[in-house]
Amino acid sequence: MILVPLPAVSAILLGFLLCFVVTRRERRFRSITVFLAASTALMIVVSLRWSFDAPVFRFLQPMVAAMLPPAAWLCFSGLKGGTRRPVWPHFLPGILTFVLSLLWPRIQTPIDALLAGLFFGYGCALLWRGAQGEESFSAARLGAALSPDLAAIFVGSLLLLSGAVDLAIALDFGLGAGAHVGLIVSLGNLVILPLIAIAALTVARSLPETEDLQETVAKPDTPDLPAMDDDHVLAEVHRILRERHLYRDPDLTLERLARRVGIPGRRISQAVNRRMGRNVSQEINEWRIREAQALLEQTDRAVTAIMFDCGFQTKSNFNNTFRRVAGMSPSDWRRRAGVGLSATESRDPETP
């Protein structure tokens, strides 16, 4: 019977995800591609190290591990909007780890403690950014099934957990001569890395497929921003949504909405939160569902076509949002309105 090391199982799963992303050949997946490649490489190195314990694998493992927290952070960097900052500073931890690994035979540097600090630092940074809400991710699609702020909190928490694993490794080397390191590394990475990868992939898919042209849109006279209260901001947003049907755009982001309305995204987000009791993503989905309801009542078009026309991209997100807003499935809504269903829809009312 062939025994497969636990890290090899993670490597296989992450490798499948990497192949899926690479075959998509989309620019928005570049950051997650780097993270998946580094994660797969780390699991392969860990598996080889604990199978053969060659010095080269002990040398490579901390260097590859040092690339994971920055790569996870960069998966969210494209969602911030505005001017993008250079990414080269995020490679410095990997360079430092490389230097310390070279010096290890002469100077016993605390590499495991450094890795723990790296995971803790980026984990806290993602938690902080996620706590800022959707306005900190103004370049993400509005109405996505998983909001990027919650995803950032989730990934940040996993990075903190991974930092705790590195601390456990350092303590095991210090107190128990590394007797349990293999088990700690295997179990920790088997659980943590695939979860981070799946969450980061979900976030990457929330990036718009089309480039933002950064155009300046003329808008009618609007009161000076400092004098505008929440009601005025909300009225202006609703007017633009109603006149231009921006909610139909599946790539609509807070940044794009703010530019077309002529009001900063932060002001829009605050006004919607205070006056409507929900975030901008939920507000946009409300507009989409209202139009979907009208089309279901007034036409006999396929539910799938209506879903895409209203700005939704996936069946699951459309069905879940429709149920949340209307209290029933799209097919049930159409039946209630007395509009006939196609043969396919009548067989499966839950499928648009």
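These are my notebook entries on a predicted model of a protein chain.

**Entry 1: overall make-up**

I started with the secondary structure, and the protein chain comes to 16 helices and zero strands. Next I checked burial: of the 352 residues in the chain, 48% are buried. I also looked at how far along the sequence the contacts reach. Taking contacts between residues at least 6 apart in sequence, 72% of them join residues at least 24 apart.

**Entry 2: the cores**

Which residues have the most contacts inside the largest nonpolar core? I got I32, F35, L36, L42, F76, V155 and L159, in a core of 49 residues. I then asked which helices feed this core, and found that α1 (6-24), α2 (30-52), α3 (55-65), α4 (68-77), α6 (111-131), α7 (148-176) and α8 (181-205) each supply at least two residues. The most comes from α8, which gives nine residues. There is another core apart from this one, and it has 21 residues, including V233, Y247, V280 and W287. A general reminder to myself: in soluble globular proteins, nonpolar side chains tend to be buried together.

**Entry 3: L159 and P69**

I picked L159 out of the big core and listed its contacts, skipping neighbours within four places in sequence. L159 is in contact with P69, A72, F119, Y122, G123, L126 and I196.

P69 caught my eye in that list, so I followed it up. P69 sits in helix α4. Buried or exposed, I wondered of P69? P69 counts as buried because its relative accessibility is 0%. With residues up to four places away in sequence left out, P69 touches L118, F119, Y122 and L159. I also took the C-alpha to C-alpha distance from P69 to F35: 8.7 Å in space, for a pair 34 residues apart in sequence.

**Entry 4: α11 and its two partners**

I looked at α9 (residues 230-244) against α11 (residues 265-276), and the two pack at an angle of about 105 degrees, with axes 9 Å apart. At that angle, α9 is roughly perpendicular to α11, because 65 to 115 degrees counts as such. On the α9 side I noted D230, D231, V233, L234, V237 and H238, which meet R267, I268, A271, V272, R274, R275 and M276 in α11. Sorted by class, this contact has seven nonpolar, one polar and five charged residues.

Then I turned to α10 (residues 254-261). The axes of α10 and α11 come within 8 Å and cross at roughly 100 degrees, which makes this pair roughly perpendicular as well. The contact uses L254, L257, A258 and V261 of α10, along with G265, I268 and S269 of α11. What does the class split look like for α10 with α11? I found five nonpolar, two polar and no charged residues.

**Entry 5: backbone oddities and α15**

Most residues other than glycine have a negative phi. H245 goes the other way, with a positive phi near 55 degrees. H245 lies in the loop between α9 and α10. With a relative accessible area of 31%, H245 is partly exposed.

Last stop was α15 (residues 330-337), where P330, S331, W333 and R334 are buried. Looking down the axis of α15, I saw that the buried residues fall within an arc of 160 degrees, so they line one face of the helix. After α15 comes G338, with a positive phi near 80 degrees.

Methods:
Residues numbered from 1 in each chain as written. Predicted model: local features only at pLDDT ≥ 70, side-chain atom pairs only at ≥ 80, totals over all residues. Heavy atoms only, no water. Core = buried A, V, L, I, M, F, W, Y, C linked by side-chain atoms within 4.5 Å. Buried < 20%, exposed > 50% of the residue type's maximum accessible area, 1.4 Å probe, protein only. Helix = DSSP H or I, 4+ residues; strand = E, 2+ residues; numbered from the N terminus. Contact = heavy atoms within 4.5 Å. Arc of directions from axis to C-beta. Axes fitted to C-alpha atoms, helices over the stretch in contact; angles between N-to-C directions. Parallel < 35°, antiparallel > 145°, perpendicular 65-115°, else oblique. Nonpolar A, V, L, I, M, F, W, Y, C, P; charged D, E, K, R; others polar.
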